[in-house]
Amino acid sequence: MKDKTLLMIPGPTPVPETVLLDMAKSPMPHRSTEFSAIFDEVNENLKYVFQTKNDVFIFAASGTGAMDAALCNIINAGDKVLSLVIGNFGERWGKIAESHGAIVERITVPYGEVIDPEVLSERLAKDINKEIKIVTLTQSETSTGAVNDVKTLCQIIKEHGALSVVDGVTSVGAMDIKPDEWGIDVLVSGSQKGFMIPPGLSFLVASEKAFEAHKQCKYPGFYFNWSAYKKNLAQHTTPYTPAVNLVVALHTALKMIRAEGLENVLKRHKENAMLLRNSLREIGFSLFIEDDNIASYAVTSIYPPEGISVPEIRKALKEDYNIIVANGQNDLKDKIFRIGTLGFISERDILTVLASLMEIMKKLQK
Ligand SMILES: Cc1ncc(COP(=O)(O)O)c(C=O)c1O
């Protein structure tokens, strides 16, 4: 049935109709007072969702663009970066750091596990000469559905003195993260996740300490240079042509988040994820992340039941019920499937996917 698709992947996520209608309007001139008024409101509401007093920069780029923007502004060639890897997206930080000439050391755990704060503490304690300048980490690791204890890890990094750079691509707006209070130096996210708009924008917030490091950065690049965004933001505008229609979409979506209240939005994500997790267990599925304490509220990774393969489940969900769920990534491809509960997702959507899975099991396990 046309227009009845239920998108349950961890991004892109469903977009509310009000947002779609607003972004369908003719593009407005980006140097107009009309656009600046929208841009100002967007910036205020982004600070609310990011739980920060600092400016949140908006880039016309996907989440990886903001990750690049995070590192190119603070790395000088030869700097030592410690990269905490719990999955596919954690691995990306190290690759980006290396592309800017950093020497990268990795602490890697098997997929499905998270970083033990003790291990980080011990490693940083050995860095007596403070050679490690930056530590990168991921909050919600979308490839596995595991969540790092960012608050504790960033506290440890702060005590050492390095800059903490955090991927909040599938956690900002879905799980609690407080950059100012938790001492996170750089935090990034992407529009097609908890923000309820299509892909194309990404966001970055940097602490004062990160900005000091930025000032010492010899080659911060051009398009992502933080100084240009900061200077223009103070003048209610952007350094280059913004993705005007996406900013308009974001304006509407952020107002919806504000009306619901961030606390309620986060509570909805938790309740939906837990409803999904508990119900899946009851109907005979096992979860890739068994421990609820380290489970993402944005994405849940699931093993298929005995006798049914991941491609069969995904195909049946798509063909019989118009529900799209994600496959596993890399080594986990066809071993697990992933259900996104991120952004514009309600309890009804969770119940629909659960009922559909139960029907599919009946059909396929015969
Ligand atoms: C945790 C995480 N980090 C980074 C990214 C990369 O974002 P993008 O694909 O928008 O570049 C993703 C995308 O799914 C993600 O889930």
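In this predicted model, K130 counts as exposed because 11 C-beta neighbours lie inside 10 Å, and a residue is exposed at 12 or fewer. K130 sits in the loop between helix 5 and strand 5 (132–138). Its backbone also deserves a look, for the phi of K130 is near 50°, a positive value in a residue other than glycine. Q51 offers a second case: its phi, too, is near 50°, again positive in a residue other than glycine. This residue is placed in the loop between helix 2 (33–50) and strand 2 (56–59). Q51 is partly exposed, because 17 other C-beta atoms lie within 10 Å, a count between the limits of 12 for exposed and 20 for buried.

Helix 5 (residues 117–125) contains V119. V119 has 12 other C-beta atoms within 10 Å and is therefore exposed. Between V119 and I107 there is a C-alpha to C-alpha distance of 8.7 Å, with the two residues twelve apart in sequence.

Turning to the chain as a whole, the secondary structure amounts to 13 helices and 15 strands. The C-alpha trace spans about 65 × 55 × 30 Å along its principal axes. How does the radius of gyration sit with that of a compact globule of 366 residues? A compact globule of this length would have a radius near 21 Å, and the chain has 21 Å, so the two agree. Buried residues make up 48% of the 366 in the chain. Contacts across the sequence are well represented: of those between residues at least 6 apart, 73% join residues at least 24 apart.

The ligand provides a natural next stop. Around it are G11, S62, G63, T64, F89, T138, T142, D167, V169, T170 and G190. By class, this shell holds eight polar residues, two nonpolar residues and one charged residue. One of the shell residues, G11, is joined to P12 by a cis peptide bond, with omega about 0°. P12 itself lies in the loop between strand 1 (6–7) and helix 1 (17–23).

Another residue of the ligand shell, F89, belongs to the buried set of helix 4, together with G90, R92, W93, G94, I96 and A97. Helix 4 (residues 88–99) comprises twelve residues and reaches 17 Å from its first C-alpha to its last, close to the 16 Å expected at 1.5 Å a residue. Its buried residues pack against helix 3 (63–72), strand 3 (80–85), strand 4 (103–108), strand 5, strand 6 (140–141) and strand 8 (163–167). Just past the end of helix 4, G101 adopts a positive phi of about 85°.

Helix 3, one of those packing partners, includes G65. G65 counts as partly exposed because it has 19 C-beta neighbours inside 10 Å, where 20 or more would make a residue buried. Apart from neighbours within four places in sequence, G65 is in contact with F59 and S202. The C-alpha atoms of G65 and G87 are separated by 19 Å, with their positions 22 residues apart along the chain.

Helix 12 (residues 310–321) gives a tidy example of one-sided packing. At 1.5 Å a residue, its twelve residues should span 16 Å, and the end C-alpha atoms are 16 Å apart, so the helix agrees with expectation. Which residues of helix 12 are buried? They are V310, I313 and L317. Seen down the helix axis, the buried residues fall within an arc of 70°, and so they line one face of helix 12. The spacing fits a general rule: an α-helix has 3.6 residues a turn, so residues three or four places apart point the same way. On the other side of helix 12, E319 and D320 are exposed.

The buried residues of helix 12 pack against strand 13 (323–324), strand 14 (326–327), strand 15 (337–340) and helix 13 (347–364). Just after helix 12, N322 takes a positive phi of about 60°.

How values were computed
Residues numbered from 1 in each chain as written. Predicted model: local features only at pLDDT ≥ 70, side-chain atom pairs only at ≥ 80, totals over all residues. Helix = DSSP H or I, 4+ residues; strand = E, 2+ residues; numbered from the N terminus. Rg over C-alpha atoms; globule rule 2.2 N^0.38 Å. Contact = placed C-beta atoms within 7 Å. Near = placed C-beta within 6 Å. Nonpolar A, V, L, I, M, F, W, Y, C, P; charged D, E, K, R; others polar. Expected span 1.5 Å × (residues − 1). Arc of directions from axis to C-beta.
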